[in-house]
Amino acid sequence: MRKRKRFAAGVCVLGLVVGACTEDSGDEGAAASEDGGTSDGGEIERSGLLADDGPCDEALDPYPIGIMTVFESPVLSLIDQVNAAEASVEAFNSRGGIGGHCMELTTCDTGLDPNGELDCARQFVDDGVVATVHDTTAANPTGVIETTEPAGLPRIGISPGSEELSASNSFPIGGGGVGTTFMMFPTLARTERTEIALIHVDTPAIQALPPLLEPLLDAYGAELTAMIPVPEGTTDYQQFVLAAQDSGATGIGLALGEAEAVQVIRAAEQLDTDLAFSTSLGTFGQADAEELGAFADRMVFNSELPPATASLDRWPILADVIADLSASGEPELQ
């Protein structure tokens, strides 16, 4: 499924900090509400760091960009990334776009399917898309690289797999799903949870991780007790927590999308397990953590960017992030 929307926007790194939560809530900005204010009723004061030249000129040729990722699937759902890209594109369009040109954002649902990812990549090349933002192509990264790299199609803020980290047209902000998964082990080991099971998306690529993890595990005195995939169509999430416990794990890394990660945590809460959990700020939203109450204390997080709920004094640009995402009205972005 492909959608084309007439928007304009520059960075779209806003999509990387959506719905994030942080362990230290003592010095954070208030969450945004749908009217452009904050959840505590206050108004958002923008940072003044972004140029605002007024709306882009729709009479000029559009500047086409794209995002290809999995919208909704039984294994992984990243529709919030699409919503964030659309919101950030629209916001930058209102500030002048790119040199006055409006950006035209095309979104392409890969379905987490190898052919779907290849189809999106080919379509973007054929359509003359000048760059993509925040792609996630975990099912067929090689095919996507072989299509987009020779065409010189830059992939900005990509969530990279291991192959995409070395591609000449990849411009990641962080280590993507691979980097996030690697960092789950140090964060758990530092809390003395050194026997770690990984509950993960059921894709072939992730099966290559165990040998790559060995030096990191050795450095932290940790061990990988089990690799536990979450297959398509799963409804019983307690089985994965129980499998981790049976493997002797004291901690669990959650290499999952938000919907699946939340289900695992809720299952663990129902089981009243003593396990600790590690995930990324981009996967597990603030509202999800708040709903868990005290159980959220068993979770540790990692991120390459400050979350939208971090201190506005330290990261003033986040005021613009909050305002832009709030203005979208999308429930997933509030």
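**Notebook: side-chain contacts in a predicted model**

I began at Arg95, whose charged end sits over the ring of Phe92, 4.5 Å from the ring centre. I note here that the model I am reading is a predicted one.

**Entry on charged pairs**

I followed Arg95 further and found that this residue belongs to a network of salt bridges that also links Arg46, Asp320 and Asp324. Within that network I looked up the pairing of Arg46 with Asp324, a salt bridge in which the closest N and O atoms are 2.8 Å apart. The two partners come from distant parts of the chain, 278 residues apart, since I place Arg46 in the loop between strand S1 (2–6) and strand S2 (63–69) and Asp324 in helix H9 (residues 318–328).

I then asked myself whether each partner is buried, partly exposed or exposed. Arg46 has 38% relative accessibility and therefore counts as partly exposed, while Asp324, at 6% relative accessibility, counts as buried. The cut-off that I applied to Asp324 is that buried means under 20% relative accessible area.

I counted the salt bridges over the model and arrived at seven. One of them joins the side chains of Glu164 and Arg155, with 3.2 Å from N to O, and I recorded both Glu164 and Arg155 as buried.

Another of the bridges that I looked up is the one where the side chains of Arg298 and Asp272 meet, at 3.9 Å from N to O. This pair, too, links distant parts of the chain, 26 residues apart: I find Arg298 in the loop between helix H8 (286–292) and strand S11 (299–302), and Asp272 in the loop between helix H7 (258–271) and strand S10 (276–280). Arg298 has 25% relative accessibility, so I list this residue as partly exposed, whereas Asp272, at 56%, counts as exposed.

**Entry on nonpolar cores**

I turned next to the nonpolar residues and asked which members of the largest nonpolar core touch the most other members. The core has 35 residues, and those with the most such contacts are Ile199, Leu254, Leu256, Val264, Ile265, Phe277 and Phe284. Tracing where the core comes from, I noted that at least two residues each are supplied by strand S7 (195–201), strand S8 (223–230), helix H6 (238–246), strand S9 (251–255), H7, H8 and S11. H7 gives the most to this core, with six residues.

I also marked another core, which lies apart from the largest one and has 13 residues, among them Leu188, Leu198, Ile206 and Ala222.

**Entry on aromatic rings**

How many aromatic pairs does the model hold? I counted two. Tyr237 and Phe240 form an edge-to-face pair, with 5.9 Å from centre to centre and 70° between the planes, and I found Tyr237 and Phe240 to be buried.

I then looked up Phe277 with Phe295, whose ring centres are 6.3 Å apart and whose planes lie at 45°, so I entered this pair as tilted. The pair links distant parts of the chain, with Phe277 in strand S10 and Phe295 in the loop between H8 and S11, 18 residues apart. Phe277 has a relative accessible area of 0% and is therefore buried, and Phe295, with a relative accessible area of 8%, is buried as well. I cross-referenced Phe277 to the previous entry, where it stands among the residues that touch the most other members of the largest nonpolar core.

Terms used:
Residues are numbered from 1 along each chain as its sequence is written. This is a predicted model: local features need pLDDT of at least 70, side-chain atom pairs count only at pLDDT 80 or more; totals for chains, interfaces and linings use all residues. Side-chain values use heavy atoms; hydrogens and water are left out. A salt bridge is a side-chain nitrogen of Lys or Arg within 4 Å of a carboxyl oxygen of Asp or Glu. Helices (H or I, at least four residues) and strands (E, at least two) are DSSP runs, numbered from the N terminus. Buried means under 20% relative accessible area, exposed over 50%, partly exposed in between (1.4 Å probe, protein chains only). A nonpolar core is a set of buried Ala, Val, Leu, Ile, Met, Phe, Trp, Tyr and Cys residues joined through side-chain atoms within 4.5 Å. Rings of Phe, Tyr and Trp (its six-membered ring) pair if their centres lie within 6.5 Å; planes under 30 degrees apart count as stacked, over 60 as edge-to-face and the rest as tilted. A charge sits over a ring if NZ of Lys or CZ of Arg is within 6 Å of the ring centre and within 35 degrees of the ring normal.
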